[in-house]
Amino acid sequence: MPSRIWLPVWAIVLFVSALALNTRHNTFPYFYHPDEGEKAAQLLTGKWNFHHPMLLLTTSKAAIDLASVTQREQPVVEAGRWVSAGFAALAVVALSLLGYVWRGWKVCLASGVALLLHHQLYELSHYLKEDTALLAGMSFTFLTAYLYWQKPGSVFAALLGLSVAAAISGKYLGIMSLAIAGPVLWFAPGPRTVSRFVWFGGALLLALLVVNLPLVLSPAAFGESLDREVGLVVSGQRGTTRSVPHTLYWNIFRDNTTPVMWVLLLAFLYGRWRERRSLTLVEWLIMAFPFVYALALSFSPKSNDRYFLPATGVFTLLAAVGVLDASRLLSQWIAPRWSTLVLALALVGTQVPSWMRYEAAFQRDDNRELFEWVKENLPPEAVIVKDSRVQLPDPKSTRVLNHFGPLPQTVIAKKYAADYGSIREMRKKGVTHVAVSDSDFGRFFLRGLRPKKDDEADFARRKNFYKKLLRDGEQLFVSDRGTVLYLHPGLRLYRLPPEEE
(Lines give C-alpha, C1' and ligand atoms only; values in the text may rest on other atoms or scores of the structure.)
Protein backbone atom coordinates (compact mmCIF):
# COMPACT_ATOMS: atom_id res chain seq x y z
CA MET A 1 0.00 0.00 0.00
CA PRO A 2 1.51 3.41 -0.92
CA SER A 3 2.82 5.86 1.66
CA ARG A 4 0.04 8.33 0.92
CA ILE A 5 -2.30 5.87 2.64
CA TRP A 6 -0.02 4.54 5.38
CA LEU A 7 1.29 7.94 6.42
CA PRO A 8 -2.12 9.35 7.46
CA VAL A 9 -2.86 6.07 9.24
CA TRP A 10 0.42 6.34 11.16
CA ALA A 11 -0.29 9.99 12.02
CA ILE A 12 -3.74 9.14 13.40
CA VAL A 13 -2.47 6.14 15.39
CA LEU A 14 0.42 8.19 16.79
CA PHE A 15 -1.84 11.10 17.76
CA VAL A 16 -4.41 8.88 19.48
CA SER A 17 -1.67 6.94 21.29
CA ALA A 18 0.04 10.13 22.50
CA LEU A 19 -3.26 11.61 23.66
CA ALA A 20 -4.20 8.43 25.49
CA LEU A 21 -0.83 8.12 27.24
CA ASN A 22 -0.42 11.79 28.11
CA THR A 23 -3.83 12.13 29.75
CA ARG A 24 -3.27 9.31 32.24
CA HIS A 25 -3.51 10.35 35.91
CA ASN A 26 -4.24 14.01 35.11
CA THR A 27 -6.93 14.53 37.77
CA PHE A 28 -4.70 15.68 40.67
CA PRO A 29 -5.85 18.91 42.41
CA TYR A 30 -5.51 22.01 40.25
CA PHE A 31 -4.14 24.11 43.11
CA TYR A 32 -1.00 21.96 43.38
CA HIS A 33 0.36 23.89 40.40
CA PRO A 34 0.84 27.58 41.25
CA ASP A 35 -0.35 28.75 37.81
CA GLU A 36 -3.35 26.54 37.09
CA GLY A 37 -5.69 28.31 39.50
CA GLU A 38 -4.98 31.62 37.77
CA LYS A 39 -5.70 30.08 34.37
CA ALA A 40 -8.92 28.51 35.67
CA ALA A 41 -10.06 31.93 36.90
CA GLN A 42 -9.43 33.42 33.45
CA LEU A 43 -11.37 30.64 31.74
CA LEU A 44 -14.27 30.98 34.16
CA THR A 45 -14.53 34.78 34.11
CA GLY A 46 -13.18 35.72 30.66
CA LYS A 47 -10.87 38.26 32.30
CA TRP A 48 -7.52 37.62 30.64
CA ASN A 49 -4.18 38.73 32.11
CA PHE A 50 -2.22 38.23 28.83
CA HIS A 51 0.88 36.90 30.59
CA HIS A 52 1.02 34.65 27.54
CA PRO A 53 -0.55 34.75 24.08
CA MET A 54 -3.96 33.14 23.78
CA LEU A 55 -3.62 29.82 21.93
CA LEU A 56 -3.89 27.56 24.98
CA LEU A 57 -6.67 29.53 26.67
CA THR A 58 -8.65 30.16 23.47
CA THR A 59 -8.54 26.47 22.57
CA SER A 60 -9.33 25.40 26.14
CA LYS A 61 -12.29 27.78 26.29
CA ALA A 62 -13.66 26.38 23.02
CA ALA A 63 -13.23 22.80 24.28
CA ILE A 64 -14.89 23.62 27.62
CA ASP A 65 -17.88 25.22 25.90
CA LEU A 66 -18.16 22.44 23.33
CA ALA A 67 -18.07 19.69 25.96
CA SER A 68 -20.31 21.62 28.41
CA VAL A 69 -17.73 21.21 31.16
CA THR A 70 -18.94 22.06 34.66
CA GLN A 71 -17.98 25.64 35.49
CA ARG A 72 -15.73 24.91 38.46
CA GLU A 73 -11.97 25.12 38.77
CA GLN A 74 -11.12 21.41 38.91
CA PRO A 75 -13.14 20.21 35.86
CA VAL A 76 -12.09 23.30 33.88
CA VAL A 77 -8.41 22.66 34.59
CA GLU A 78 -8.73 18.96 33.78
CA ALA A 79 -10.32 19.88 30.42
CA GLY A 80 -7.44 22.30 29.81
CA ARG A 81 -4.96 19.54 30.61
CA TRP A 82 -6.54 17.47 27.84
CA VAL A 83 -6.01 20.39 25.48
CA SER A 84 -2.37 20.64 26.58
CA ALA A 85 -1.96 16.90 25.93
CA GLY A 86 -3.57 17.41 22.52
CA PHE A 87 -0.93 19.99 21.60
CA ALA A 88 1.80 17.60 22.73
CA ALA A 89 0.28 14.85 20.56
CA LEU A 90 0.19 17.20 17.56
CA ALA A 91 3.86 18.04 18.14
CA VAL A 92 4.79 14.35 18.22
CA VAL A 93 2.97 13.81 14.92
CA ALA A 94 4.55 16.87 13.27
CA LEU A 95 8.10 15.88 14.25
CA SER A 96 7.50 12.28 13.17
CA LEU A 97 6.20 13.48 9.78
CA LEU A 98 9.24 15.73 9.47
CA GLY A 99 11.36 12.63 10.06
CA TYR A 100 9.53 10.96 7.16
CA VAL A 101 9.92 13.75 4.61
CA TRP A 102 13.51 14.32 5.68
CA ARG A 103 14.88 10.77 5.94
CA GLY A 104 12.08 8.26 5.34
CA TRP A 105 10.02 5.72 7.21
CA LYS A 106 12.70 4.48 9.61
CA VAL A 107 13.26 7.92 11.07
CA CYS A 108 9.53 8.60 11.05
CA LEU A 109 8.81 5.53 13.16
CA ALA A 110 11.83 5.86 15.46
CA SER A 111 11.26 9.54 16.21
CA GLY A 112 7.51 9.08 16.67
CA VAL A 113 7.83 6.28 19.23
CA ALA A 114 10.78 7.97 20.98
CA LEU A 115 8.77 11.17 21.39
CA LEU A 116 5.68 9.20 22.40
CA LEU A 117 7.61 7.76 25.36
CA HIS A 118 9.62 10.83 26.31
CA HIS A 119 9.13 11.66 29.97
CA GLN A 120 9.33 15.46 29.56
CA LEU A 121 6.52 15.52 27.00
CA TYR A 122 4.56 13.16 29.23
CA GLU A 123 4.96 15.36 32.30
CA LEU A 124 4.28 18.73 30.66
CA SER A 125 1.16 17.35 28.98
CA HIS A 126 -0.36 17.06 32.46
CA TYR A 127 -0.46 20.80 33.17
CA LEU A 128 -2.64 23.61 31.89
CA LYS A 129 0.46 25.47 30.70
CA GLU A 130 1.59 26.92 27.37
CA ASP A 131 4.72 24.80 26.86
CA THR A 132 3.11 22.11 24.73
CA ALA A 133 1.32 24.75 22.63
CA LEU A 134 4.69 26.35 21.87
CA LEU A 135 6.17 22.94 21.02
CA ALA A 136 3.29 22.20 18.63
CA GLY A 137 3.68 25.55 16.88
CA MET A 138 7.45 25.17 16.55
CA SER A 139 7.15 21.55 15.35
CA PHE A 140 4.73 22.48 12.59
CA THR A 141 6.97 25.42 11.69
CA PHE A 142 9.86 23.01 11.10
CA LEU A 143 7.64 20.63 9.12
CA THR A 144 6.01 23.25 6.89
CA ALA A 145 9.33 25.07 6.37
CA TYR A 146 10.86 21.83 5.10
CA LEU A 147 7.85 21.13 2.86
CA TYR A 148 7.93 24.66 1.49
CA TRP A 149 11.63 24.33 0.67
CA GLN A 150 10.92 21.11 -1.21
CA LYS A 151 7.94 22.52 -3.10
CA PRO A 152 7.56 26.32 -2.87
CA GLY A 153 4.02 27.46 -3.51
CA SER A 154 1.05 29.30 -2.10
CA VAL A 155 -0.34 26.33 -0.14
CA PHE A 156 2.85 25.62 1.80
CA ALA A 157 3.52 29.34 2.24
CA ALA A 158 0.10 29.72 3.88
CA LEU A 159 0.64 26.61 6.01
CA LEU A 160 3.99 28.01 7.10
CA GLY A 161 2.26 31.25 8.10
CA LEU A 162 -0.31 29.32 10.13
CA SER A 163 2.44 27.34 11.86
CA VAL A 164 4.39 30.46 12.80
CA ALA A 165 1.16 32.03 14.08
CA ALA A 166 0.60 28.97 16.27
CA ALA A 167 4.13 29.22 17.68
CA ILE A 168 3.78 32.93 18.44
CA SER A 169 0.30 32.37 19.89
CA GLY A 170 1.67 29.60 22.12
CA LYS A 171 4.18 31.77 23.99
CA TYR A 172 5.81 35.11 23.28
CA LEU A 173 9.02 33.12 22.84
CA GLY A 174 7.42 31.65 19.71
CA ILE A 175 8.54 34.78 17.84
CA MET A 176 11.75 32.82 17.26
CA SER A 177 9.83 30.79 14.65
CA LEU A 178 10.28 33.76 12.31
CA ALA A 179 14.01 33.04 12.35
CA ILE A 180 13.15 29.74 10.65
CA ALA A 181 10.39 30.92 8.32
CA GLY A 182 12.03 34.16 7.15
CA PRO A 183 15.20 32.68 5.64
CA VAL A 184 13.27 29.76 4.17
CA LEU A 185 10.83 32.07 2.41
CA TRP A 186 13.59 34.34 1.14
CA PHE A 187 16.08 31.74 -0.06
CA ALA A 188 13.81 28.88 -1.15
CA PRO A 189 14.38 27.57 -4.68
CA GLY A 190 12.46 29.14 -7.55
CA PRO A 191 11.55 32.72 -8.36
CA ARG A 192 11.30 35.02 -5.35
CA THR A 193 7.74 36.15 -6.05
CA VAL A 194 5.71 38.56 -3.95
CA SER A 195 2.90 36.02 -3.74
CA ARG A 196 4.82 33.74 -1.41
CA PHE A 197 5.12 36.54 1.14
CA VAL A 198 1.49 37.57 0.62
CA TRP A 199 0.22 34.06 1.30
CA PHE A 200 2.54 33.64 4.28
CA GLY A 201 1.81 37.05 5.76
CA GLY A 202 -1.93 36.85 5.17
CA ALA A 203 -2.25 33.47 6.87
CA LEU A 204 0.02 34.60 9.71
CA LEU A 205 -1.89 37.80 10.44
CA LEU A 206 -5.34 36.23 10.09
CA ALA A 207 -4.47 33.37 12.46
CA LEU A 208 -2.89 35.74 14.98
CA LEU A 209 -6.00 37.91 14.91
CA VAL A 210 -8.46 35.03 15.32
CA VAL A 211 -6.57 33.28 18.12
CA ASN A 212 -5.50 36.43 19.97
CA LEU A 213 -8.53 38.66 19.46
CA PRO A 214 -8.92 39.51 23.19
CA LEU A 215 -5.25 40.48 23.26
CA VAL A 216 -5.60 42.62 20.13
CA LEU A 217 -8.60 44.42 21.63
CA SER A 218 -6.68 45.22 24.83
CA PRO A 219 -3.40 46.76 23.63
CA ALA A 220 -2.60 48.48 26.94
CA ALA A 221 -2.98 45.28 28.97
CA PHE A 222 -1.03 43.38 26.33
CA GLY A 223 1.82 45.90 26.49
CA GLU A 224 2.00 45.69 30.28
CA SER A 225 2.05 41.90 30.25
CA LEU A 226 4.69 41.76 27.54
CA ASP A 227 6.86 44.18 29.51
CA ARG A 228 6.38 41.96 32.57
CA GLU A 229 7.46 38.82 30.73
CA VAL A 230 10.48 40.55 29.18
CA GLY A 231 11.44 41.85 32.61
CA LEU A 232 11.32 38.34 34.08
CA VAL A 233 13.46 36.98 31.25
CA VAL A 234 16.03 39.74 31.65
CA SER A 235 16.07 40.17 35.44
CA GLY A 236 14.85 36.91 36.98
CA GLN A 237 11.81 36.25 39.15
CA ARG A 238 10.59 35.87 42.74
CA GLY A 239 13.24 38.25 44.06
CA THR A 240 16.21 36.24 42.79
CA THR A 241 18.53 36.27 39.82
CA ARG A 242 21.67 34.45 38.65
CA SER A 243 24.82 35.21 36.71
CA VAL A 244 24.65 34.67 32.97
CA PRO A 245 25.57 32.75 30.97
CA HIS A 246 24.93 29.72 33.17
CA THR A 247 25.17 25.98 32.56
CA LEU A 248 21.78 25.00 33.97
CA TYR A 249 20.32 24.02 30.59
CA TRP A 250 23.13 21.64 29.81
CA ASN A 251 22.21 19.86 33.03
CA ILE A 252 18.62 19.86 31.81
CA PHE A 253 19.82 18.47 28.47
CA ARG A 254 21.50 15.65 30.38
CA ASP A 255 18.34 14.95 32.39
CA ASN A 256 16.14 14.78 29.29
CA THR A 257 18.40 12.61 27.18
CA THR A 258 20.19 9.29 27.57
CA PRO A 259 23.74 8.07 26.79
CA VAL A 260 22.30 6.30 23.74
CA MET A 261 20.92 9.62 22.50
CA TRP A 262 24.32 11.26 23.02
CA VAL A 263 25.98 8.64 20.84
CA LEU A 264 23.30 8.96 18.17
CA LEU A 265 23.55 12.76 18.22
CA LEU A 266 27.32 12.48 17.68
CA ALA A 267 26.68 10.07 14.80
CA PHE A 268 24.14 12.53 13.39
CA LEU A 269 26.59 15.44 13.57
CA TYR A 270 29.32 13.37 11.94
CA GLY A 271 26.94 12.34 9.19
CA ARG A 272 25.88 15.91 8.49
CA TRP A 273 29.51 17.04 8.49
CA ARG A 274 30.24 14.55 5.75
CA GLU A 275 27.22 15.85 3.81
CA ARG A 276 27.79 19.51 4.62
CA ARG A 277 28.22 20.60 0.99
CA SER A 278 24.87 19.15 -0.04
CA LEU A 279 22.78 20.28 2.95
CA THR A 280 20.01 22.78 2.29
CA LEU A 281 19.42 25.93 4.31
CA VAL A 282 16.30 24.49 5.94
CA GLU A 283 18.29 21.46 7.09
CA TRP A 284 20.94 23.72 8.61
CA LEU A 285 18.24 25.70 10.41
CA ILE A 286 16.58 22.60 11.88
CA MET A 287 19.94 21.15 12.93
CA ALA A 288 21.15 24.37 14.53
CA PHE A 289 17.92 25.20 16.35
CA PRO A 290 18.24 23.13 19.55
CA PHE A 291 21.88 24.13 20.09
CA VAL A 292 21.28 27.84 19.48
CA TYR A 293 18.08 27.75 21.52
CA ALA A 294 19.79 26.12 24.51
CA LEU A 295 22.60 28.66 24.32
CA ALA A 296 20.11 31.54 24.21
CA LEU A 297 18.28 30.19 27.27
CA SER A 298 21.54 30.17 29.21
CA PHE A 299 21.67 33.96 28.93
CA SER A 300 18.45 34.46 30.92
CA PRO A 301 18.39 34.36 34.74
CA LYS A 302 14.80 33.09 34.52
CA SER A 303 15.19 29.34 34.26
CA ASN A 304 13.03 26.24 34.31
CA ASP A 305 13.42 22.82 32.74
CA ARG A 306 10.08 23.18 30.90
CA TYR A 307 11.51 26.04 28.80
CA PHE A 308 13.79 23.43 27.23
CA LEU A 309 10.89 21.46 25.71
CA PRO A 310 11.31 22.68 22.08
CA ALA A 311 14.97 21.67 22.17
CA THR A 312 14.04 18.29 23.67
CA GLY A 313 11.68 17.58 20.79
CA VAL A 314 14.20 18.44 18.07
CA PHE A 315 17.11 16.69 19.80
CA THR A 316 15.00 13.52 19.87
CA LEU A 317 14.30 13.85 16.15
CA LEU A 318 18.00 14.38 15.38
CA ALA A 319 18.88 11.31 17.45
CA ALA A 320 16.40 9.30 15.35
CA VAL A 321 18.18 10.48 12.19
CA GLY A 322 21.41 9.50 13.93
CA VAL A 323 20.15 5.90 13.98
CA LEU A 324 20.69 5.77 10.21
CA ASP A 325 24.09 7.48 10.46
CA ALA A 326 25.31 5.11 13.16
CA SER A 327 23.99 2.15 11.19
CA ARG A 328 26.03 3.20 8.17
CA LEU A 329 29.14 3.47 10.33
CA LEU A 330 28.54 -0.06 11.61
CA SER A 331 27.69 -1.52 8.19
CA GLN A 332 31.09 -3.16 7.71
CA TRP A 333 30.44 -5.31 10.78
CA ILE A 334 26.64 -5.57 11.04
CA ALA A 335 23.98 -5.75 8.33
CA PRO A 336 22.30 -2.31 8.18
CA ARG A 337 18.78 -3.64 8.65
CA TRP A 338 19.78 -5.29 11.95
CA SER A 339 21.90 -2.45 13.27
CA THR A 340 19.13 0.04 12.42
CA LEU A 341 16.59 -2.04 14.29
CA VAL A 342 18.85 -2.51 17.32
CA LEU A 343 19.77 1.19 17.48
CA ALA A 344 16.15 2.32 17.11
CA LEU A 345 15.09 -0.07 19.88
CA ALA A 346 17.93 1.24 22.04
CA LEU A 347 16.82 4.84 21.43
CA VAL A 348 13.28 4.03 22.51
CA GLY A 349 14.06 1.40 25.13
CA THR A 350 16.46 3.53 27.16
CA GLN A 351 13.73 6.14 27.59
CA VAL A 352 11.22 3.68 29.02
CA PRO A 353 12.62 3.61 32.61
CA SER A 354 12.35 7.41 32.99
CA TRP A 355 8.85 7.38 31.44
CA MET A 356 7.83 4.69 33.92
CA ARG A 357 9.18 6.75 36.84
CA TYR A 358 6.95 9.65 35.83
CA GLU A 359 4.01 7.33 35.24
CA ALA A 360 4.41 6.00 38.78
CA ALA A 361 4.99 9.48 40.24
CA PHE A 362 1.65 10.78 38.96
CA GLN A 363 -0.10 8.03 40.92
CA ARG A 364 1.22 9.19 44.33
CA ASP A 365 0.25 12.29 46.28
CA ASP A 366 2.68 13.31 49.03
CA ASN A 367 0.43 16.10 50.31
CA ARG A 368 -2.35 13.59 50.87
CA GLU A 369 0.08 11.39 52.81
CA LEU A 370 1.19 14.34 54.99
CA PHE A 371 -2.43 15.30 55.64
CA GLU A 372 -3.26 11.78 56.83
CA TRP A 373 -0.10 11.61 58.96
CA VAL A 374 -0.82 14.92 60.70
CA LYS A 375 -4.45 13.98 61.28
CA GLU A 376 -3.51 10.67 62.90
CA ASN A 377 -0.29 11.53 64.76
CA LEU A 378 -0.32 15.12 66.00
CA PRO A 379 -2.41 16.26 69.00
CA PRO A 380 -5.45 18.41 68.16
CA GLU A 381 -3.91 21.40 69.96
CA ALA A 382 -0.87 21.46 67.63
CA VAL A 383 -0.28 24.70 65.71
CA ILE A 384 1.49 24.33 62.35
CA VAL A 385 3.00 27.06 60.19
CA LYS A 386 3.48 25.97 56.59
CA ASP A 387 5.14 26.94 53.30
CA SER A 388 2.97 27.63 50.24
CA ARG A 389 3.66 24.27 48.55
CA VAL A 390 2.53 22.37 51.64
CA GLN A 391 -1.15 21.68 51.03
CA LEU A 392 -2.41 21.36 54.57
CA PRO A 393 -5.87 22.97 54.87
CA ASP A 394 -5.85 26.30 56.68
CA PRO A 395 -9.18 28.09 57.39
CA LYS A 396 -8.62 30.69 54.65
CA SER A 397 -7.98 28.13 51.89
CA THR A 398 -11.40 26.85 50.94
CA ARG A 399 -10.10 24.98 47.89
CA VAL A 400 -7.75 22.86 50.04
CA LEU A 401 -10.44 22.37 52.68
CA ASN A 402 -12.90 21.22 50.05
CA HIS A 403 -10.41 18.71 48.70
CA PHE A 404 -8.94 17.27 51.92
CA GLY A 405 -11.48 18.19 54.55
CA PRO A 406 -10.62 19.94 57.84
CA LEU A 407 -7.86 19.10 60.30
CA PRO A 408 -8.35 19.25 64.07
CA GLN A 409 -4.95 20.96 64.29
CA THR A 410 -4.49 24.69 63.59
CA VAL A 411 -2.72 25.49 60.32
CA ILE A 412 -1.25 28.91 59.50
CA ALA A 413 -0.34 29.47 55.84
CA LYS A 414 2.50 31.66 54.59
CA LYS A 415 4.29 31.92 51.28
CA TYR A 416 7.41 31.06 53.27
CA ALA A 417 7.03 29.71 56.80
CA ALA A 418 10.01 31.89 57.69
CA ASP A 419 7.82 34.98 57.24
CA TYR A 420 5.82 34.16 60.37
CA GLY A 421 8.82 35.09 62.50
CA SER A 422 11.92 33.59 64.03
CA ILE A 423 11.73 30.30 65.90
CA ARG A 424 11.63 32.20 69.20
CA GLU A 425 8.83 34.44 67.91
CA MET A 426 6.89 31.41 66.68
CA ARG A 427 7.09 29.78 70.10
CA LYS A 428 5.75 32.95 71.73
CA LYS A 429 2.81 32.84 69.29
CA GLY A 430 2.02 29.27 70.26
CA VAL A 431 3.43 27.51 67.18
CA THR A 432 4.48 23.91 67.82
CA HIS A 433 5.37 22.60 64.34
CA VAL A 434 6.57 23.85 60.96
CA ALA A 435 5.77 22.12 57.65
CA VAL A 436 8.12 23.08 54.82
CA SER A 437 8.64 22.19 51.19
CA ASP A 438 11.95 21.78 49.39
CA SER A 439 10.29 23.50 46.42
CA ASP A 440 9.97 26.59 48.64
CA PHE A 441 12.96 26.65 50.99
CA GLY A 442 15.32 24.88 48.59
CA ARG A 443 15.73 27.98 46.45
CA PHE A 444 17.63 29.67 49.30
CA PHE A 445 20.34 27.03 49.06
CA LEU A 446 20.69 26.73 45.28
CA ARG A 447 24.20 27.32 44.03
CA GLY A 448 24.35 30.22 41.58
CA LEU A 449 21.04 31.75 42.67
CA ARG A 450 21.30 35.06 44.47
CA PRO A 451 18.84 37.71 45.66
CA LYS A 452 18.19 40.92 43.81
CA LYS A 453 19.56 43.96 45.62
CA ASP A 454 16.24 45.01 47.14
CA ASP A 455 15.57 41.49 48.44
CA GLU A 456 18.92 40.73 50.10
CA ALA A 457 17.69 41.23 53.68
CA ASP A 458 14.58 39.05 53.26
CA PHE A 459 16.61 36.40 51.46
CA ALA A 460 19.19 36.22 54.27
CA ARG A 461 16.52 36.16 57.00
CA ARG A 462 14.60 33.33 55.34
CA LYS A 463 17.73 31.34 54.62
CA ASN A 464 18.87 31.59 58.25
CA PHE A 465 15.46 30.48 59.50
CA TYR A 466 15.38 27.37 57.32
CA LYS A 467 19.01 26.57 58.08
CA LYS A 468 18.31 26.53 61.81
CA LEU A 469 15.02 24.64 61.44
CA LEU A 470 16.57 21.91 59.32
CA ARG A 471 19.55 21.66 61.67
CA ASP A 472 17.87 21.84 65.08
CA GLY A 473 14.21 20.90 64.52
CA GLU A 474 12.93 17.38 65.22
CA GLN A 475 11.96 15.86 61.88
CA LEU A 476 8.69 13.94 62.15
CA PHE A 477 7.71 13.40 58.52
CA VAL A 478 9.68 13.52 55.27
CA SER A 479 8.91 12.77 51.63
CA ASP A 480 11.72 13.51 49.21
CA ARG A 481 11.42 15.95 46.35
CA GLY A 482 10.52 13.78 43.38
CA THR A 483 10.24 13.64 39.62
CA VAL A 484 6.84 15.39 39.53
CA LEU A 485 7.47 18.38 41.75
CA TYR A 486 3.83 19.43 42.11
CA LEU A 487 2.91 16.05 43.55
CA HIS A 488 6.25 15.49 45.30
CA PRO A 489 7.53 18.94 46.35
CA GLY A 490 9.79 17.58 49.09
CA LEU A 491 7.69 17.82 52.26
CA ARG A 492 9.09 17.89 55.79
CA LEU A 493 7.37 18.35 59.11
CA TYR A 494 9.39 19.53 62.11
CA ARG A 495 8.69 19.99 65.77
CA LEU A 496 10.12 23.36 66.71
CA PRO A 497 13.60 23.17 68.24
CA PRO A 498 14.15 24.16 71.89
CA GLU A 499 14.19 27.77 72.97
CA GLU A 500 17.01 29.86 71.56
CA GLU A 501 19.57 30.90 74.12
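**Figure 1. Helices α16 and α17 are roughly antiparallel to each other.** In this predicted model, the axes of α16 and α17 (residues 336-349) come within 9 Å and cross at roughly 150°. An angle over 145 degrees counts as roughly antiparallel, so the pair falls in that class. The crossing of α16 and α17 is right-handed. On the α16 side the contact is made by A319, A320, V323, L324, A326 and S327. On the α17 side it is made by P336, S339, T340, L343, A344 and L347. Sorted by class, the contact of α16 with α17 holds 9 nonpolar residues and 3 polar ones, with no charged residues. An α-helix has 3.6 residues a turn, so residues three or four places apart point the same way.

**Figure 2. Helix α7 packs against helix α16 at an angle of about 45°.** The axes of α7 and α16 (residues 309-329) are 9 Å apart. This angle makes α7 oblique to α16. The crossing of α7 with α16 is right-handed. From α7, the residues D131, T132, L134, L135 and F142 take part in the contact. Their partners in α16 are L309, P310 and V314. The contact of α7 with α16 divides into 6 nonpolar residues, 1 polar and 1 charged.

**Figure 3. Helices α8 and α9 pack at an angle of about 160°.** The axes of α8 and α9 (residues 178-187) lie 10 Å apart. At this angle α8 is roughly antiparallel to α9. The crossing of α8 and α9 is left-handed. L160, V164 and I168 of α8 meet L178, A181 and L185 of α9. By class, 6 nonpolar residues form the contact of α8 with α9, with no polar and no charged residues.

**Figure 4. Helix α3 spans residues 55-66.** The 12 residues of α3 reach 16 Å from the first C-alpha to the last. This span is close to the 16 Å expected at 1.5 Å a residue. L55, L56, L57, S60 and I64 are the buried residues of α3. The cover over these buried residues includes α2 (36-45), α4 (73-103) and α7 (131-150). It also includes α8 (154-170) and α10 (194-211).

**Figure 5. The buried residues of helix α2 pack against α3 and α4.** The buried residues of α2 are E36, G37, K39, A40, Q42 and L43. Among them are the acidic residue E36 and the basic residue K39. Just after α2, G46 takes a positive phi of about 75°.

**Figure 6. H25 and S68 are loop residues with positive phi, shown with their exposure.** H25 is placed in the loop between α1 (3-22) and α2. Its phi is positive, about 55°, although H25 is not a glycine. H25 is partly exposed, with a relative accessible area of 27%. S68 lies in the loop between α3 and α4, just after α3. The phi of S68 is near 50°, again a positive value in a residue other than glycine. S68 is exposed, with a relative accessible area of 63%. The cut-off for exposed is over 50%, and partly exposed covers the range from there down to 20%; the values of 27% for H25 and 63% for S68 therefore place these two residues in separate classes.

**Figure 7. T410 is found in strand β3.** Strand β3 covers residues 410-413. T410 is partly exposed, with a relative accessible area of 39%. Leaving out residues up to four places away in sequence, T410 touches P380, A382, V383 and I384. The C-alpha atoms of T410 and I5 are separated by 64 Å. Along the chain, T410 and I5 are 405 residues apart.

Terms used
Residues numbered from 1 in each chain as written. Predicted model: local features only at pLDDT ≥ 70, side-chain atom pairs only at ≥ 80, totals over all residues. Heavy atoms only, no water. Helix = DSSP H or I, 4+ residues; strand = E, 2+ residues; numbered from the N terminus. Expected span 1.5 Å × (residues − 1). Buried < 20%, exposed > 50% of the residue type's maximum accessible area, 1.4 Å probe, protein only. Contact = heavy atoms within 4.5 Å. Axes fitted to C-alpha atoms, helices over the stretch in contact; angles between N-to-C directions. Parallel < 35°, antiparallel > 145°, perpendicular 65-115°, else oblique. Left-handed = near helix turned anticlockwise from the far one by under 90°. Nonpolar A, V, L, I, M, F, W, Y, C, P; charged D, E, K, R; others polar.
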